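Okay, thanks for coming, everyone. Let me put the model up, and then we'll walk through a couple of helices and the interface.

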Amino acid sequence: MEHYSDDQLLSMFAARESANYAFNLIVRKYQERLYWHIRRMVIDHDDADDVLQNTFIKAWKGLDNFKNESQLYTWLYRIATNETITFLNKKRKRFLISFHDVEGELTGSLEQDHHFSGKEIELKLQKAILTLPEKQRLVFNMKYYDDMKYEDMSQILNTSVGALKASYHHAVKKIEEYFKNH
Amino acid sequence: MKNNKNTVDPFENEPDFLAQFDKKTPFSVPDHYFESLPEVINDKILKKKSLKFGFDKMSYRILGPSAALIALFFVVFHFYNTPSGNTVQPEEFSDALLNEVSVELDDYMIYDVYAEIIEETESSTEQTSGNETENDEYIDYLLENDIDINTIIEEL
């Protein structure tokens, strides 16, 4: 597969005859990054798959109106994040579980997950991350696993860089505390 | 000399505590998941596109005229079922008589009301198939004898 820049892909998408091909390349370019971003939040593979497909369908619908004010990848991350939060909220409503209990339920899914391939200490880290509030969990995952710049995170989460840094700092402290107590 | 240590953002450094972990996400995906996903998404998009196209086409060619026909039907239905301001319905006439209100009426209205009253009375006492014929006879009788409103009131 040829490696095109985002600008090249967007130009190809804008030309009607190559729109499908360009979008296919966009999916191939970003599917893994977005999948892991979603998967770390929803834990279950099937759920992550559903959310990822919805993300790309929303992206397809919105790409005509995409303005080059933001980068394509931050725009896609933003859609994926919104879809993930919507999914988790629906899950809470569907199973009538409270805001905090959904993380407990996800911990259950984590322990039964056939696709969990980590060691014991990594399972413990995932459980610790699941004790964090949703937004802090997003910040931690994006910074720690995706190594994302705070400036990009700021665009995706619509939060100031300072608040994101503080959020990440608190998240690490809480995880450290979890390891001391468990 | 400027001390660089003072300008380093403490939040930018990776906390020591996290150094013990492997940064790799500890989940796996089913075999060939990422190879097949673009096609799955493409199929979904094509389905949505064809559905949207079908709907657009249908909305212009079928739904538009259908909506216009339904709207026309409702207008016509409303027109025929709404009593005009000049027409007095039999029920209104009965009420007017009972309340002794002076109403201008033509003869046919009187015959209609009288026939209606007879029909209701007869249907409550006996359900026979010859009612319609009898009603016609009453109406003919009233017409032939040129009975006016006062006579009917007295009859009532």
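So, to start: which helices of chain A do the buried residues of α8(A) pack against? They pack against α4, α7 and α9 of chain A, going by contact, meaning heavy atoms within 4.5 Å.

Quick housekeeping. This is a predicted model, where local features need pLDDT of at least 70, side-chain atom pairs count only at pLDDT 80 or more, and totals for chains, interfaces and linings use all residues. Residues are numbered from 1 along each chain as its sequence is written, chains are lettered from A and ligands numbered from 1 in the order in which they are written, and side-chain values use heavy atoms, with hydrogens and water left out.

Back to α8(A). Helices here are DSSP runs of H or I with at least four residues, numbered from the N terminus. This one spans residues 150–157, and six of its eight residues are buried, where buried means under 20% relative accessible area with a 1.4 Å probe, protein chains only. Those six are Y150(A), D152(A), M153(A), S154(A), I156(A) and L157(A). Right after the helix comes N158(A), with a positive phi near 55 degrees.

Now α7(A), one of the partners of α8(A). Ten of its eleven residues are buried, so α7(A) is largely enclosed by the rest of the structure. Among the buried ones are R137(A), F140(A) and Y144(A).

And in α4(A), residues 72–94, have a look at R92(A). R92(A) is buried, at 7% relative accessible area. Its side chain makes a polar contact with the side chain of N89(A) at 2.8 Å; a polar contact is a pair of N or O atoms within 3.5 Å, and within protein one must be able to donate a hydrogen and the other to accept it, while residues adjacent in sequence count only if both atoms are side-chain atoms.

Okay, the interface. Chain A puts in 43 residues and chain B 32. About 3600 Å² is buried between them, 65% of it from carbon and sulfur atoms; that's accessible area, 1.4 Å probe, lost on putting the two together and summed over both. On the chain A side, Q53(A), I57(A) and Y144(A) lose the most, together 17% of what that side buries.

How many salt bridges between chain A and chain B? Just one, counting a side-chain nitrogen of Lys or Arg within 4 Å of a carboxyl oxygen of Asp or Glu. R28(A) and E39(B) make it, at 3.5 Å, N to O. There are also seven residue pairs in polar contact across the interface, both at pLDDT 80 or more.

Note on methods: Buried means under 20% relative accessible area, exposed over 50%, partly exposed in between (1.4 Å probe, protein chains only). Helices (H or I, at least four residues) and strands (E, at least two) are DSSP runs, numbered from the N terminus.
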